[in-house]
Amino acid sequence: MTQRLQLRVNYPEFDTVHSYRGGIIRHFDKTPSDIVCPHFWELNWAYGCRFECAYCYLQGTFHGNKEPWHRPPDQVLMVLDEFFQDHREDPQILNSGELTDSLVYPQLMKQISDKFEEQAKHKLLLLTKSSNVKPLLDKPRKQTIFSFSLNAHEVWRLWEHKTPPPEKRIEAAKITGEVGDEVRVRIDPIFPIEDWQKHYEDLIYLLLSKLPGDPDRITLGTPRGLAKTRMFSKDSSWWKLAFEDNPSEDSGWGKKIAFPLRKKIYIFFYDKLQSLGFDKSRIAMCKETKSMWKGLGLDWRKCKCNCVR
């Protein structure tokens with residue numbers, strides 16, 4: 001019999017198995033009371049990342065050693081079978097990019113995606129800064145959601161080392177959209193660099209002009225300054241710009257840019273996206289405070305962000 005850790009806990013939406021086989025699948029429920037982050041399922045098939053984003057929280061998570069490794073594929077697929085069986089009546093999304101980049105091992109991710117395509121209830125969320133989607137283009141993937149993490153070109157140049165430029169990621173998003181996949185986008189973390197409005201306006205225009213039918217969902221975020229991330233960051237210039245050159249404040253999820261500037265950033269994005277015809281209901285914020293949602297006149301209880309259905 002397959003070994004798994006079973007912790008019965010009560011959630012607003014379901015009462016179910018909390019963690020499978022030492023955490024290959026587990027429920028993310030760490031959200032502090034002042035932060036809006038709907039609980040979601042993690043698929044921890046791999047750990048670490050080859051990209052070198054200066055601000056990446058995985059630096060702190062893995063104490064500076066982000067060298068990637070993965071679980072045995074047969075073990076991952078077996079656990080997915082168990083999860084599908086246990087959740088026959090409650091469709092879920094499993095996020096494969098919480099502790100790694102979802103395309104760190106593209107061929108293994110293809111196997112995982114193929115497993116999801118064998119059923120029609122649950123969906124796999126791929127979260128990536130990669131543009132290497134070719135292994136997953138062999139067939140339409142109706143149970144696989146491609147979510148691309150993007151940023152302004154100048155932010156990429158400064159801090160997203162070893163990643164393909166945003167233009168390449170948008171092209172990959174376009175390709176996956178053309179074969180029928182659901183495409184989501186994260187613009188996160190948004191940095192208040194010099195002339196930030198111009199840089200991010202360029203990104204928005206490029207994104208919406210390249211993607212046929214637009215992304216299904218756009219999630220926004222600003223820098224989240226966790227002490228452990230800063231401790232292991234080789235380049236802390238991002239921290240200086242976000243939290244020292246600009247006023248900052250503390251929250252239940254680390255340091256944040258002070259409320260007035262954060263609010264200005266979000267208003268800019270909401271206004272710009274809506275002016276270009278993007279539906280407001282398909283925009284959300286990642287790990288943002290309840291006070292910010294209220295300050296923008298939004299209902300945080302209706303949050304439809306990247307990681308949920």
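Select C307 to start. In this predicted model, C307 has a relative accessibility of 10%, so this cysteine counts as buried. Now show the sulfur atoms of the cysteines. The closest cysteine sulfur to that of C307 belongs to C305, at 5.8 Å, which is too far for a bond.

Add C303 to the selection. C303 is buried as well, because its relative accessibility is 8%. How many disulfides does the model contain? The count is 0. C303 is in no disulfide, and its nearest cysteine sulfur, that of C305, is 3.7 Å away. A disulfide needs two cysteine sulfur atoms within 2.5 Å. For reference, a disulfide is a covalent bond that joins the sulfur atoms of two cysteines.

**The largest pocket**

Next, turn on a surface and look for the largest pocket, which holds about 920 Å³ of space. Select C56, Y57, L58, E98 and R224: of the 39 residues that line this pocket, these are the closest to its centre. Then colour strand 4, helix 1 (58-61), strand 11 (123-128) and helix 7 (227-232), the elements that give two or more residues to the lining. Which element gives the largest share of the lining? Helix 1 does, with 3 residues.

**A loop residue and a distant partner in sequence**

Move to S33, in the loop between strand 4 (25-28) and strand 5 (35-36). Is S33 buried or exposed? Its relative accessibility is 65%, so S33 counts as exposed. Now select W253 too and draw a line between the two C-alpha atoms. The line should read 9.9 Å, although S33 and W253 are 220 residues apart along the chain.

**Aromatic pairs**

Show the side chains of Phe, Tyr and Trp. The model has 15 aromatic pairs. One of them is formed by F84 and F116, whose ring centres are 5.2 Å apart, with 80° between the planes, an edge-to-face arrangement. F84 belongs to helix 2 (residues 73-86) and F116 to helix 3 (residues 106-116), so the pair ties together parts that are 32 residues apart in sequence. F84 counts as buried because its relative accessibility is 12%. F116 is buried too, at 0% relative accessibility.

Go on to W238 and F243, another edge-to-face pair, with 6.3 Å from centre to centre and 75° between the planes. W238 has 0% relative accessibility, so W238 counts as buried. F243, at 5%, is buried as well.

Finish the rings with W196, Y200, F268 and F269, which ring pairs link into a cluster. Keep F268 and F269 in view for the next stop.

**Helix 9**

Select residues 259-275, which make up helix 9. How many residues does helix 9 have? There are 17, and the distance from the first C-alpha to the last is 24 Å, close to the 24 Å expected at 1.5 Å a residue. The buried residues here are L261, R262, I265, Y266, F268, F269, Y270, K272 and L273. F268 and F269 of the ring cluster are therefore among the buried residues of this helix. When looking along a helix, keep one rule in mind: an α-helix has 3.6 residues a turn, so residues three or four places apart point the same way. After helix 9 comes G277, with a positive phi near 90°.

**Charges over rings**

Select R282 and F278. The charged end of R282 sits over the ring of F278, 4.3 Å from the ring centre. A second example is R50, whose charged end sits over the ring of Y105, at 5.0 Å from its centre.

**Backbone details around helix 6**

For the last stops, hide the side chains and follow the backbone. Select D188 and P189: the peptide bond from D188 to P189 is cis, with omega near 0°. P189 is in the loop between strand 14 (182-187) and helix 6 (196-210). D195 is found in the loop between strand 14 and helix 6, and has a positive phi of about 60° although it is not a glycine.

Cross helix 6 to D214, in the loop between helix 6 and strand 15 (217-220). What is the sign of phi at D214? The phi of D214 is positive, about 70°, although D214 is not a glycine. D214 has a relative accessibility of 23%, so D214 counts as partly exposed.

Note on methods
Residues numbered from 1 in each chain as written. Heavy atoms only, no water. Helix = DSSP H or I, 4+ residues; strand = E, 2+ residues; numbered from the N terminus. Expected span 1.5 Å × (residues − 1). Buried < 20%, exposed > 50% of the residue type's maximum accessible area, 1.4 Å probe, protein only. Phe/Tyr/Trp six-rings, centres within 6.5 Å; stacked < 30°, edge-to-face > 60°. Lys NZ or Arg CZ within 6 Å of the ring centre and 35° of its normal. 1 Å grid on protein atoms, 1.4 Å probe; cavity = no way out; pocket = protein on both sides within 12 Å on 5 of 7 lines; lining within 4 Å. Points joined across faces, edges and corners; volume = space filled by probe spheres on them.
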